[in-house]
Structures are given as structure tokens and as C-alpha cells.
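Visitor: I'd like a close look at a single part of this one. Pick a helix and walk me through it, then show me what goes on around it.

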Amino acid sequence: MLGYIIRRILAVIPVMLIVAIFVFLLLRLTPGDPAAIIAGDAATPAQLERIRTSLGLADPLHIQFLTWAKLLFQGDLGTSLISRTPVTQMIGQRIWPTFNIAILTIALSVLIAVPMGVLAAWRHRTWVDYLVMAFSVLGFSIPVFVIGYLFIQAFSIELRWLPVQGYAAPSEGFGKFLSRAILPCLTLATIYVALIARMTRASMLEVLGEDYIRTARAKGVKETVVLFRHALRNAAVPIMTIIGTGFALLIGGVVVTESVFNIPGIGRLTVDAILARDYPVIQGMILLTSGLYVFINLLIDLSYTFFDPRIRY
Amino acid sequence: MRIQERLHHFKGHMRGATLGLLAGVALIGGTALATPAMAKTITAVMHSGLRVLDPVITTAHITRDHGYMIYDVLVAVDENFKPQPQMADWTVSDDNLVYTFTLRDGLKFHDDAPVTAADAVASLKRWGKRDSGGQLIFDVTESLEAKDDKTIVWTLKSPFPALLDTVGKQSAVPPFIMPERVASTPPEEAITDYTGSGPFVFVEDEYQPGVSVTYRKFEDYVPRSEPASWMAGGKNVKVDEVKWVTMPDAQTGINAILSGEIDYLEQVQIDLLPLLETSEDVTVETRDELGYQTIGRMNFKHPPFDNKKIRQAAQMALSQEDVLGTLIGNPDYYKVCGAIFGCGTPLADESGSQTLTSGGDIEGAKKLLEEAGYDGTPIVLMQPTDVVSLTAQPVVAAQALRNAGFNVDMQPMDWQTLVTRRASQAKPAEGGWNIFFTNWMVPEINSPLISPMLNGRGDDAWFGWPKDDKMEELRAAFIAADTPEKQKEVAVEIQKHNMDEVLYIPLGQYASPQARSNKLTNMIPSPVPVFWNIEKAD
């Protein structure tokens, strides 16, 4: 097992290297000029050129890449071309809102979706099943910003229970954090609840038809134990995969939700950086996201051994 | 039966959990809303996030606004377009060659150091390398020196009557005064020390680029005694803190001001105004009457717009009413205006703009095209798709040009791609361009000294690169004009010449409404959103 983990971690190195080279080249081939963003509309070509030179953008591509790669090996993602703030500091400021929202969203989604999926499978082809499936289709189909606006209208503007926008760190008080995080989390959760509930239902349906379930029921095992210990555990592998990739997607940034609820997360950081052609920030974000995907996939793979002891690495 | 019981039990749990969650949300929500807002803090949503902190390196309006928060200026223009003393009074020698500025008492930087003449000299020199108006003054500067701690002597080789107007201008790059150690940074490198002497202190620890920025009242700031007028007069700060937060979604800003979470929304999208107009807690108003001018610019380097008659035909085909109606929609917020210096400014004149302001003349444009022998060369019209205030102009213009007989190749792209492509002098078919549109704040184009489009120095001119010696002569005549009357005469000539040569096409003026909580009072009208003088009720 330990050998497997080490092999997987080592495999990250070439992946990240390829991502780094690819992203660097792709960005340089995309039209755009950070100097023009900095200097503004009235700058003359000569002024733009001087700014480009001072930012190192006038150097040949390979020199720019080597400079960045050298910093990268020292654990430094460079400095934003636009704000002149270290990229690590910018990401450090913005990752926590995204991370906290992602954790809460996934927790909410799992708490709601798994029982929903189990219930739908258990009551297959009854109104309960149809209701769960209808909700699922709705959750998938309504754009996330529409759901966000509806929640804001209901809970913030009409009922005045919750703030309209903004983010508060848990360190400012858990109540304050939750009051600002709950609506974006519920908004995002509608998609994930739909997704996880469908997956749970499908996996459970498959498992509930197995002989060992019939045997358990014949032995008089409690129905909740049959459902949640025998069936759900055996149905867990695909559900875990969906939860894991869902979490990675959330961490990768949910720019629409972040915009609607004004959450200073990494989704907005990435989009702003792309619009401004802030190369070091984009590069840093893509590297981080790639690393996170690899790491989360590793955790998902390892979680399989817990749910299904037959799986060994 | 047991299963049914279990299900019932399970349902009971779920119901309890749901009710619990809702109650919890209500409780938390109630707690959050019961928490009083921090006393005397103005929370404002500005038009854009602050990302660049050096107000000299960039012409971005948000950075200029930041500059006015934390820095002060020697001279400032008031609402009558007159330069007024701000940090310094001045005298001018009889031959108009020597300007002597004397710093007023009590000026102090945020690090407690006194503001000295050496700081002002270094700041003016850095600004002079960056700003187009400043460059013109430094072209005729003999010397700029600190005579003592309080006296700055600026000696010219030849008179520059508009010196005070230029030093006192509010946009795009005003000469903010920084400590000498900061102002010695090369103008193409961003500063990293944000010590100013203005009415607010930048709170560096709380700054998140593009997200939020906090300014604290500078307790040692000594305001002038005159009433505030635009950027001049007393900057009396009456709140403890001002916080700018960025909201990328326009609807979120509206919701936030309606719920009282923010106090001020610098720009409100016109189509969202009805949401605010019924609120008793929010006032919608126009703080900047001059607003913006939207313009079209052609490329003089390549056919067909290297031909004056074809440029005139394009101008003749366009109608300001059509452009503004599509862009803004609500006539309360736009104005048909043929003045290249903007209506409502001292130099405004609308000569030569009749077709633009009266609905365009498609037949006239067709005739001109025929006379010019237009051969159907496609016109590459760049259409930015990601900037709300620039999406309508290309579409309306493309249709008008097609109606006149132009072969228009409208190419959609994001603004960043446009910004890069417009710097290319390549042929339109090889990555270049023929025409694009943009917007300027009127104070940025209200004089031939600062309007970038009127530069006629060919390759050294603004994008489009017109080589226009006559325009350069007229600009020199404007610099030499020593009375407002003479300046106006030259400005009228410049207006006529521009409309004849079509250096650029003025497509009208529009204002951007703002929204403020009724808790905020005494907000002075100004093209720059300033936060002094404002009072906030508890």
C-alpha cells in the first residue's frame, strides 16, 4: 500500500511538468498583453514596450520559462504582473473561502443525497422514487445562478434571514461564517445532491438485487442495517468517485456562484487573471488545480480499500 | 409492517433534521443581521476591483480613484474647470516663464514625515515621464527644483499657459505627490511603498487585489478651509473608514444596497435601475454630469481608411442616436453631442458634426464612397464581447456601414485580444484592423493637450497612427494661446479639422447613474468618486 502511494505521488512529477510547459506555452500563444492592462488606454507604444521590458515580458520565451521554472523549484510561484503581489499570497488569501465552501457543500450534499438515493432505490418505481428523480432532473437542469438568485430573493430579500452576499472566515465566528456560506452551499448542493442521489440510487438498485441482500433479509436483519450497512457499503465505490470528483470540481473554482454571492474564491481569481492575462497567477492556479486533482484522485482510490476490502494495491 | 414503521421513524428524523436546519439558518441569519454595522464605515462597490496600486504607471480609473484617497496634489481643478491651490499656492513671473509654488503648512505624510518641496519635485518628474500632458510641459522645461523645503521653482524655456490646468487635471494621470524615495522609482516600474499625504491611509494588511481595499481616516490631515469643489477645496473626512469591495455581478450589487449591506454603488446598469427606483432607502443620481464619450477610431495606415473621403463616408453613415439608444436605451442618461471635447466643457463646439447628431446620412455616405472609388475592400471591425459598455457600438456601426455600401468583416473577440490587436500595424487581413470603438471619461478628452486621439504624430500617435501636421500645428497654437478666448478659438479650429480629417468619430455622451444609501449625505458632485465631506448617519 505504502509503495503504491509513493508511486502515485512520484507520478505527479512528470504530470505537473507537462502541465507547466503546456500552460506556459498556451498562455504565451494566446493574444493579450498584460502591459496594456497595466498602462491603460492612453499609453503609447513606447510606454507599453518599457513596461513589458520591466516585467520581463520582452525576454525570449525560453528565458521567461527558465526564470519561472527556477522560481518554481524554489517553491515560489512568482509575482502577479498586475498587482505585484506574490502569487502564493494571492492564492493563500483566496483558497480558504473556496475550500470551506466546498467542504460544506459536499457535506450537505452527501447528507441529503445519499439518504435520498437509498430511499429512491428502496422504494423503486413508487412516488418516492419518481419524486427523487424529478428533483434530480431539476437540480441538473436549472442553471446555478438562477437557483442562487431565487435563494437570495427568498431568504435574503423577502425573509431577511441571511445576508445577500459576502464571505466571513470561520475565525470570525462560526455563526457568521455559516450565515454567509449557507446560501452558496445550498445553491451548489442542488447540483451535487442531484448527481450523488442518482448515482446512489443506481448503485443501490444493482446491489439490492444481490443474493446476499436477500439472505440478510431472510435472516431477519433490520431493514436499516440491510440498506445502510450491507447494501450502501457495497454500492459505495461509484458514489465515492462522484463525491471525490465533485469536490475537486468545487475546489477548482465555481466562478458563477462566487460571483453571484460575492465570494472571494479562487474561481474568480482565475477568471480575473485570465481576463488580465496575468500569466504567473494563471500558471499558479492551473498547477495548483492539477495537483489537487491528482491528490484527490489518490484519496478516492485509497478510499476504495476501506469500502471494499477485496480491492488491494 | 416493521419496514413501514422504520420508514415512518426515518421520515420523522428527516423532518426533524429539516426543521432543525431551517431553524438553525433562521437563528444564524437573525444573529448575523442583528449585528450592527461597524460605526462610520462606508462600504462602497466601485466600478472595478483595485489591482494596480501605482497611480502613475496606469491610467485605470480605479487606480486614479485610489490615488485621490491616499495622495494629495499641488493644484486641483474645481467645478468651473479652474485650477485652485491644493497643497501649494503659486506665483507666476511676468514673462510667464517661472512658476513658484509654496507648500502650505501642516502637510504630512502618513509616516509622519513632513511633505517637502523635494518630494513634490521628484513626484512631478516621475509624472512628467508618464503623462502626455506632463511630457508636453517637460518638453519646454528649463529646470524644476526645490529651492528650500517649501518652495518649488519651475522654470520654462517658453511659456506654457496651460501649465496649471495640466498640473491640476483630475484624469487620467494626475501628479500625485509621493515621498521622494517612492517617486524615484522608474515610471515603468510599479511602486511598492504606498505612503501618501492624502486624507485617507491605505490599510495594506487588509488589501486583497481585486477583492477589497480599506482606507482609514488620516487623523493628521489638514484640510483646506475652502468648500470642496470637484478635486479642489477642503477634504474633510467625516467617517472612520472607507471600504471598497468588488462585486463582479451587477445584480448582487443591487441586492446588497437594497438590503443595506453596502452604502454606495458607483455604477448601476441602466437596465437594473427599476429595481432601485422604488426603494425608500436608496437614492439614484448622477454624480458626474459630464460622464463618458463613446468614440470610433479608424486605422490610417491601411486601405480603405487611409483615404480621407472613405473616412468621411464612414462618419456620415453613423448616427449617434442609434448608437446611444442601443448602448444606453434610457434617454435620461445619454446626450447626442458632436463636440470632440465633450458637451458641458469650456472648449465644446459641435462644428462639423451635423450628420452624426441628426441621424446619419446614408445616401450622402454612398455618394462619397462612389466618389472615392471604394473597391469593396473588407473593413475589419473589432467587436469586444466581454465589456458591457462596448458591445453595442460595433453592432450598430457595422449595420450602418453596410447600409452605406461598406463590406464589413466584424470580428468578435475579448477586450484583451482587441487591446493587443489594435497595437498591430499589420494589414487588416494579416492580423491588423480597420476600426474599433472605446469610451473615454470626458475630463480625459476635454483638451487638445490630453486627448490621445488628437495626436497627429504618425507612428508616435495613438492607435490608428494618423500623420497630421496641420493638427500638430493647431495643438502647438493651443499651447501658445494665453487666454481662454484664444484657446477656444483654436479649439473650434481643431474641432472642424478633426471632423474633416476624421481623426476620430465622437459618438455621443452618456452618464452613469450611481446609487447611495440615504444614510450618506453631502456627497459632492465630481467626475471622480471622492469620499471626503460625506457624512453617514447611524
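**A covered helix in chain B**

Guide: Let's take helix H7 of chain B, residues 250-258, which is mostly covered: seven of its nine residues are buried. Keep in mind that this is a predicted model. The buried set in H7(B) is B:Thr252, B:Gly253, B:Ile254, B:Asn255, B:Ala256, B:Ile257 and B:Leu258. Just past the end of H7(B), B:Gly260 takes a positive phi of about 80°.

H7(B) also has a part in the contact between the chains, which takes 45 residues from chain B and 48 residues from chain A. On the side of chain B that touches chain A, H7 is joined by helix H1 (2-34) and helix H14 (415-421), and each of these supplies at least two residues. H1(B) gives the most, with 10 residues. By type, that side of chain B divides into 20 nonpolar, 17 polar and eight charged residues.

Elsewhere in chain B there's an open sheet of four strands, ordered E5-E6-E8-E7, with antiparallel pairing. Strands E5 (88-92) and E7 (141-146) of chain B each have a single partner strand, so they stand at the edges with one side left without a neighbour in the sheet. From one strand to the next, the twist averages 15°. E7(B) pairs with strand E8 (residues 151-156) of chain B over five bridges, and B:Glu145 stands opposite B:Val153 in E8(B). Helix H3 (residues 117-130) of chain B packs on this sheet, touching E6, E7 and E8 of chain B. The direction of H3(B) makes about 145° with that of E7(B).

Technical notes: Residues numbered from 1 in each chain as written. Chains lettered and ligands numbered in written order. Predicted model: local features only at pLDDT ≥ 70, side-chain atom pairs only at ≥ 80, totals over all residues. Pairing = 2+ DSSP bridges. Axes fitted to C-alpha atoms, helices over the stretch in contact; angles between N-to-C directions. Contact = placed C-beta atoms within 7 Å. Buried ≥ 20, exposed ≤ 12 C-beta atoms within 10 Å, placed from the backbone. Nonpolar A, V, L, I, M, F, W, Y, C, P; charged D, E, K, R; others polar.
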